[in-house]
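Here are some notes for a colleague who is opening this structure for the first time. They are best read with the model in view.

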Amino acid sequence: AACYDILTNNYEPADYEDFLTRFPGSVHAEEVRKRLGALRQMLNAWAAIERTGTKSDFVRFKNDFRNPRFDHLCDAKIDSLDWLSAQHIGTVAAYESYLLQHADGRYAFEAQVALEQARAVMVHPSEQAAIGDAIEGFLRAFSNNDEMSYGFYLAPTLDRFLSKTNVSQAEVAAMISTMYNEHIMSCRFSRGDTLSVTKQIVDDGKYAYQATFSINQYIERDSEGKTYGQYAAEAFFDHRYLITSFTMKEVSRR
């Protein structure tokens, strides 16, 4: 009876084997034998998933075995994996989802801090629209080779414009003017359908923005040459939505 009591909440197969060796004729022998088989099955299943990074493995294990000790271990692993996933995604929705599922989780405090930080740099629809308007306005000025209009969209000095760094507005105008000649009847730039904007807090507590988007270029000319180009573009903006950096990389032409 004393040896049988030792097996209560016991997860050591050797103790079950020892009981069966010492008391093969016990009234508990068949029960212990079944419990030993179930324990081995559970321990083997745990060993197979213990070091994996797949949440569904631990959810399935909980459903299959319904064991308090291993339920706790599974919950800890699921908590950890959900936190890693939230960090990898890094969005407001990801941190909110983690906290909804793990309000008292191991990483709840870190998640709350990360959530507030993510909210601080979340791009609001009005900011997205302002960035889109600035890009389209600049591309119109670019299309028209309109030096007078550049000042509405460019910072006084740009960190980068195309391949050149530390560029003034006058230098931007000079660079753009060299792209036109007497054979080009018209040149139009338009932004593609996609626009991705991220936001960060700069040293003075104000916001800066990074936008990635595509640009289509259409050229009418009276000579042989390029008539269409598509570009992957990137632009940086200050808190006034003025462009502080602008680059384009051609990805196709005809």
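**Notes on cysteines, cores and a helix pair**

1. Cys-74 is buried, since its relative accessible area is 0%, and this value falls under the 20% limit for a buried residue. Please keep in mind throughout that the model is a predicted one.

2. Cys-3, by contrast, counts as partly exposed because its relative accessibility is 22%. A search for disulfides over the whole structure returns 0.

3. Which residues touch the most other members of the largest nonpolar core? In this core of 35 residues, they are Phe-138, Phe-161, Phe-213, Phe-237 and Phe-246. Two or more residues each come from helix H8 (125-143), strand S1 (157-161), helix H10 (169-177) and the strands S3 (184-201), S4 (207-221), S5 (228-237) and S6 (243-253), and H8 gives the most, with 7 residues.

4. Phe-161 can serve as a place to start looking: once neighbours within four places in sequence are set aside, Phe-161 is in contact with Phe-138, Val-167, Val-172, Met-175, Ile-176 and Phe-246. Apart from the largest core lies another one, of 19 residues, which includes Leu-7, Ala-29, Ile-78 and Leu-81.

5. Helix H3 (residues 29-49) and helix H4 (residues 55-65) have axes that come within 11 Å and cross at roughly 175°, and the two helices are therefore roughly antiparallel to each other. On the H3 side the contact is made by Gln-41, Met-42, Ala-45, Trp-46 and Ile-49, and on the H4 side by Asp-57, Phe-58, Phe-61 and Phe-65. Sorted by class, the residues of this contact are 7 nonpolar, 1 polar and 1 charged.

Methods: Residues numbered from 1 in each chain as written. Predicted model: local features only at pLDDT ≥ 70, side-chain atom pairs only at ≥ 80, totals over all residues. Heavy atoms only, no water. Axes fitted to C-alpha atoms, helices over the stretch in contact; angles between N-to-C directions. Helix = DSSP H or I, 4+ residues; strand = E, 2+ residues; numbered from the N terminus. Parallel < 35°, antiparallel > 145°, perpendicular 65-115°, else oblique. Contact = heavy atoms within 4.5 Å. Nonpolar A, V, L, I, M, F, W, Y, C, P; charged D, E, K, R; others polar. Disulfide = S-S within 2.5 Å. Buried < 20%, exposed > 50% of the residue type's maximum accessible area, 1.4 Å probe, protein only. Core = buried A, V, L, I, M, F, W, Y, C linked by side-chain atoms within 4.5 Å.
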